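Here are my notes on the model, set out as numbered points. Please read them with the structure open beside you.

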Amino acid sequence: MNITLDEIQNFIAVVDTGSITSAAQQLDQTVSAASRTLGRLEQKLQTTLIRRTTRRIELTDEGEAFLERARDIVAAVEGAEEAMATRRARPAGRLRVDAATPFMLHVVAPLVAGYRERFPDVELELHTSEGYIDLLERRTDVALRIGRLKDSTLHAKPIGSSRIRLFASPAYLEKHGTPRKVADLASHALLGFTEPDSLNDWPLLDTQRQPVHIKPTISSSSGETLRHLALGGNGIVCLSDFMTWEDREAGRLVEVLAKQNIEHRQPINAVYYRNTAISARIASFVNYLADAIGENGFDR
């Protein structure tokens, strides 16, 4: 049968205005178009809905019965549209977020309470992974990524940046001494990453003015593990401010070779697939993080 909403709305307009001419004016149609639409509806229903005279229209019994259902249908559609408009204004539903463990622990988790207070109808589902993931395969709405992006299929929204610095615990420095120049690192235990190896590029220049790439004494795939190793006095580490600023403020970690540090900021992006329309849920979460991090990131 395939009755359309336009046909139903046309029928209701004819009844409510009392004529096809008035209905056509209300719907911004020609009289012939409104008449054809009504005739098409009656043909689909295989019944006469309206008796037409030169002076007025009159509903048949079938027309009376169909009018009640027609109004219910239009009301349901309008209700659905209103609900969607409300949903856009007030984000709701499940939001699946993925981030590296350190970022989830040190940045996202502390902000959850404030976000939930502002957007109580969003159901957060938080996942951690140390490497890049397939957002579709993992059914992830938005991923938070640190560093340069390579995947052109992703849409990225910058939400901040974070400096990387060298740190060691006071206990380690007391026992092994504090390096004064880059060459001094050769006599120290260095904590680095197993992969990607590019994370072992430290923001320093050697005597030949070349970037310093270290060979770790102890390595791990997890930045959080390296942080704990540094806190335990196991060596010097190079980590991002977003996971170390509290340790630095509390004196648990001390910056090393600060004067030799070449300021390097890691971009922080929220990413989702380009063919995904950004929902109110994603927008609310991403914007909340961006506001909380601020333009200067985790500088203290």
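1. Start with proline 102, which belongs to helix α5, residues 101-118. In this predicted model, proline 102 has a relative accessible area of 6% and is buried. The cut-off for that word is under 20%, so a value of 6% falls within it. Proline 102 also has a partner far off in the sequence: methionine 243 is 141 residues away along the chain, yet the two C-alpha atoms are 6.3 Å apart.

2. Proline 102 takes part in a helix contact as well. On the α5 side the residues are Pro102, Leu105 and His106, and on the α7 side they are Gly223, Glu224 and Arg227. Sorted by class, this contact of α5 with α7 has two nonpolar, two polar and two charged residues.

3. How are α5 and α7 placed relative to each other? Helix α7 covers residues 223-231, and the axes of α5 and α7 are 7 Å apart at an angle of about 70°. Angles of 65 to 115 degrees count as roughly perpendicular, so this pair is given that description.

4. Methionine 243, the partner of proline 102 in space, is one of the buried residues of α8. The others listed with Met243 are Asp241, Phe242, Thr244, Trp245, Asp247 and Arg248. Helix α8 runs over residues 241-250, and seven of its 10 residues are buried, so the helix is largely enclosed by the rest of the structure. Note that the buried set includes Asp241, Asp247 and Arg248, and these residue types count as charged. Just after α8 comes glycine 251, with a positive phi of about 85°.

5. A second helix pair deserves a look. Helix α1, residues 5-17, packs with α3 at an angle of about 110°, and the axes are 9 Å apart. α1 and α3 are therefore roughly perpendicular to each other. Their crossing is left-handed. From α1 the contact uses Asp6, Glu7, Asn10 and Phe11, while α3 supplies Ala34, Thr37, Leu38, Arg40, Leu41 and Lys44. By class there are four nonpolar, two polar and four charged residues in this contact.

6. Phenylalanine 11, in helix α1, is worth selecting by itself. Is phenylalanine 11 buried or exposed? Its relative accessibility is 0%, so phenylalanine 11 counts as buried. Apart from neighbours within four places in sequence, phenylalanine 11 is in contact with Leu38, Leu41, Leu49, Ile50, Leu59, Gly63, Phe66, Leu67 and Ala70. Leu38 and Leu41 in that list also belong to the α3 side of the helix contact. The C-alpha atom of phenylalanine 11 is separated by 9.6 Å from that of glutamate 42, which is 31 residues apart from it along the chain.

7. Two residues other than glycine have a positive phi, and they can be taken together. Glutamine 46 has a phi near 55° and sits in the loop between α3 (31-45) and β1 (50-52). Leucine 257 also has a phi near 55°; its loop lies between β12 (254-256) and β13 (265-273). Their surroundings should be read separately. Glutamine 46 has 73% relative accessibility and so counts as exposed, whereas leucine 257, at 6%, counts as buried.

8. Where is the cis peptide bond that involves proline 196? The bond joins glutamate 195 to proline 196, with omega about -10°. Proline 196 is part of the loop between β7 (190-193) and β8 (201-205).

9. Strand β13 contains tyrosine 272. At 7% relative accessibility, tyrosine 272 counts as buried. Tyrosine 272 and aspartate 141 are 131 residues apart in sequence, but from C-alpha to C-alpha they are 6.4 Å apart in space.

10. Last, the chain as a whole. The protein chain has nine helices and 13 strands. Of its 300 residues, 39% count as buried. Among contacts with a separation of 6 or more, 73% are between residues 24 or more positions apart. The chain exposes about 16800 Å², and carbon and sulfur atoms supply 48% of that area.

Terms used. Residues are numbered from 1 along each chain as its sequence is written. This is a predicted model: local features need pLDDT of at least 70, side-chain atom pairs count only at pLDDT 80 or more; totals for chains, interfaces and linings use all residues. Side-chain values use heavy atoms; hydrogens and water are left out. Helices (H or I, at least four residues) and strands (E, at least two) are DSSP runs, numbered from the N terminus. Buried means under 20% relative accessible area, exposed over 50%, partly exposed in between (1.4 Å probe, protein chains only). Contact means heavy atoms within 4.5 Å. Accessible areas come from the Shrake-Rupley method with a 1.4 Å probe; for residues, only the protein chains shown count as cover. Axes are lines fitted to C-alpha atoms, for helices over the stretch in contact, and angles run from 0 to 180 degrees between N-to-C directions. Angles under 35 degrees count as roughly parallel, over 145 as roughly antiparallel, 65 to 115 as roughly perpendicular and the rest as oblique. A crossing is left-handed if the near helix is turned anticlockwise from the far one by less than a right angle, and right-handed if clockwise.
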